[in-house]
Amino acid sequence: MLMSVDADLMRVLADPLRLQIVSLLAKETLCTTHLIEETGAKQTNLSNHMRVLREAGVVETEPCGRFTYYKLRADVIAKLAGQFADLAESARNAADNKRACP
C-alpha cells in the first residue's frame, strides 16, 4: 500500500541550513556551539532552525550543563525514507500504466 510522503516534514527538511544540520547530526551528537562552527550560522538563526527541527520531531535535545546537545531521531528519518521507498516502488509498478486522453 502506498503511503503519502509527509509534506510537513519535507518542508522542514527543504531548507538548506536545516538539511545541513540534519546531515551533521547523522554523524554525531553536537551542541549548539559545534553547529555554529560547522555551519557558519549566527546563533539566533541556528536557534530558530533548531526549534523548527525540534517541533517537527526530527531532533531531540539533551541538556549538559550550560550546553544543549542535539541528537537526530533516526526513526523519523527512517520513516521518511520508507515513504520514499514506497513511492519509488509504486513508480516502478506504474511505469507501463498510461491513462488514455479523452
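What follows is a dialogue about how to read the features of a predicted model of one protein.

Me: Before I look at single residues, how many helices and strands does the protein have, and in which order do the elements run from the N terminus on?

Reply: There are five helices and three strands in this predicted model, and from the N terminus on the elements run α-α-β-α-α-β-β-α.

Me: What does the radius of gyration of the protein tell me when I set it against that of a compact globule?

Reply: The general idea is to compare the value with what a compact globule of 102 residues would have, which is near 13 Å, whereas the protein has 18 Å. The box that the C-alpha atoms fill can be read beside that value, and along the principal axes it is roughly 65 × 25 × 20 Å.

Me: What share of the residues is buried, and what share of the contacts with a separation of 6 or more comes from residues 24 or more positions apart?

Reply: Buried residues, those under 20% relative accessible area, make up 26% of the 102 residues. As for the contacts with a separation of 6 or more, 56% of them are between residues 24 or more positions apart.

Me: How should I read the surface and the charges of the protein?

Reply: The accessible surface comes to about 7100 Å², and carbon and sulfur atoms hold 53% of that area. Among the side chains, 13 are positive and 13 are negative, and the centres of these two sets lie 4 Å apart.

Me: Turning to the helices, why do the buried residues of helix 1 line one face?

Reply: The general idea is that an α-helix has 3.6 residues a turn, so residues three or four places apart point the same way. In helix 1, which spans residues 7-14, the buried residues are Leu-9, Val-12 and Leu-13. Seen down the axis of helix 1, these buried residues fall within an arc of 90°, and therefore they line one face of the helix. On the other side of helix 1, Asp-8, Arg-11 and Ala-14 are exposed. The cover over the buried residues of helix 1 includes helix 2, helix 4 and helix 5, the last of these spanning residues 74-93.

Me: Which residues does Leu-9 touch, if I do not count those up to four places away in sequence?

Reply: Leu-9, which is found in helix 1, touches Val-58, Val-76 and Leu-80 when those residues are not counted. Its C-alpha atom is separated by 8.2 Å from that of Leu-80, although the two residues are 71 residues apart along the chain. Leu-9 counts as buried because its relative accessibility is 8%, where the cut-off for buried is under 20%.

Me: Which residues of helix 3 are buried, and what covers them?

Reply: In helix 3, residues 32-39, the buried residues are Thr-32, Leu-35 and Thr-39. They fall within an arc of 60° when seen down the axis of helix 3, so these residues line one face of the helix. What covers them includes helix 2 (16-25), strand 1 (30-31), helix 4 and strand 3 (67-72). Just after helix 3, Gly-40 takes a positive phi of about 80°.

Me: Where does Leu-24 lie, and is it buried or exposed?

Reply: Leu-24 has its place in helix 2, and with a relative accessible area of 15% it is buried. Leaving aside its neighbours within four places in sequence, Leu-24 is in contact with Leu-30, Leu-35, Glu-38 and Thr-39. Two of these contact residues, Leu-35 and Thr-39, are buried residues of helix 3.

Me: Is Pro-63 buried or exposed, and how should I class Ala-56?

Reply: The class follows from the relative accessible area, because exposed means over 50% and partly exposed lies between that and the limit for buried. Pro-63, whose place is in strand 2, has a relative accessible area of 67% and is exposed. Ala-56, found in the loop between helix 4 (43-55) and strand 2 (59-64), counts as partly exposed at 34% relative accessibility. From C-alpha to C-alpha, Ala-56 and Val-76 are 9.5 Å apart in space and 20 residues apart in sequence.

Notes: Residues numbered from 1 in each chain as written. Predicted model: local features only at pLDDT ≥ 70, side-chain atom pairs only at ≥ 80, totals over all residues. Heavy atoms only, no water. Helix = DSSP H or I, 4+ residues; strand = E, 2+ residues; numbered from the N terminus. Rg over C-alpha atoms; globule rule 2.2 N^0.38 Å. Buried < 20%, exposed > 50% of the residue type's maximum accessible area, 1.4 Å probe, protein only. Contact = heavy atoms within 4.5 Å. Areas by Shrake-Rupley, 256 points an atom, 1.4 Å probe, with all protein chains shown as cover. Lys, Arg positive; Asp, Glu negative; His and termini not counted. Charge placed at Lys NZ, Arg CZ, Asp CG, Glu CD. Arc of directions from axis to C-beta.
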